Amino acid sequence: MDSMRKAVMKRIFLASLALLAFAGTAAAHGRSELVTSVGRAADNADIDIIRLAYRRSLTSDVRWWMPTLVEFGGGIWRVPDLAGSTQRFDLHATPVWRADFARTYVEGGIGAYMLSHTINNNTTHLATSFEFGSHAGAGLRLGTHGETRVGIALQHLSNGGIKQPNGGVNFMLVVASFPL
């Protein structure tokens with residue numbers, strides 16, 4: 001049953017990535033971008049992650065509490081577990097608040113993540129597959145109109161106390177985004 005679950009999660013993950021990669025080309029209005037990120041857990045150097053996401057700009061709103069973007073994506077984790085080194089997959093949806101300046105940007109977001117499996121090793125304990133994720137990042141805007149971005153971000157994932165243990169995991173990420 002476990003191998004069947006892994007196969008289904010891999011298919012869902014790959015289908016989601018394909019959908020995210022091509023979703024922006026069919027849109028008639030608004031801006032969209034493809035975001036790639038790679039990172040390592042700050043508290044456990046044995047956990048690595050690679051993510052691909054699609055971001056879509058939302059309707060302009062002058063109220064500061066309204067997000068400026070929505071992000072949908074997925075990732076592949078390399079995670080040591082008490083049962084041995086394994087892979088995990090995640091799918092996520094995150095509203096993002098971004099402020100652009102002349103050649104820089106800052107952003108933050110809080111969203112929901114679904115992991116393919118829980119994590120239990122000597123330093124990291126995620127007791128549920130459902131996690132909340134928050135991130136804060138900053139970087140440079142490149143290109144004629146600043147449409148390409150390269151930056152760094154800090155991210156925290158935890159289940160918000162839904163189930164114990166709730167150790168969470170912190171990531172340091174290198175992020176690049178490209179307009180679609």
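This is a short chat about salt bridges in a predicted model.

Reader: How many salt bridges are there in the whole structure?
Author: A search of the whole structure turns up 11 salt bridges.

Reader: OK, which residue does E71 pair with?
Author: E71 pairs with R55, and the N to O distance is 2.6 Å. E71 sits in strand β3 (residues 69-81) and R55 in strand β2 (residues 48-57), so the salt bridge ties together parts that are 16 residues apart in sequence.

Reader: Is E71 buried or exposed?
Author: E71 is buried, at 8% relative accessible area. R55 is buried too, at 4%.

Reader: Why would two side chains like that pair at all?
Author: Side chains of opposite charge can pair when their charged atoms come close.

Reader: Next one. What does E107 form a salt bridge with?
Author: With R98; the closest N and O atoms are 3.3 Å apart. E107 counts as buried at 10% relative accessibility, and R98 is buried at 12%.

Reader: And where are D100 and R141?
Author: D100 is in strand β4 (residues 84-100) and R141 is in strand β8 (residues 130-142). The two are 41 residues apart, so this pair links distant parts of the chain. Their side chains meet in a salt bridge of 3.9 Å, N to O.

Reader: Is D100 buried or partly exposed?
Author: D100 is partly exposed, with a relative accessible area of 34%. R141 is buried, at 14%.

Reader: Last thing: which residues do shared partners join into one network?
Author: The network holds E33, R55, E71, R98, D100, E107, R141 and R149, joined by salt bridges that share partners.

Definitions and conventions. Residues are numbered from 1 along each chain as its sequence is written. This is a predicted model: local features need pLDDT of at least 70, side-chain atom pairs count only at pLDDT 80 or more; totals for chains, interfaces and linings use all residues. Side-chain values use heavy atoms; hydrogens and water are left out. A salt bridge is a side-chain nitrogen of Lys or Arg within 4 Å of a carboxyl oxygen of Asp or Glu. Helices (H or I, at least four residues) and strands (E, at least two) are DSSP runs, numbered from the N terminus. Buried means under 20% relative accessible area, exposed over 50%, partly exposed in between (1.4 Å probe, protein chains only).
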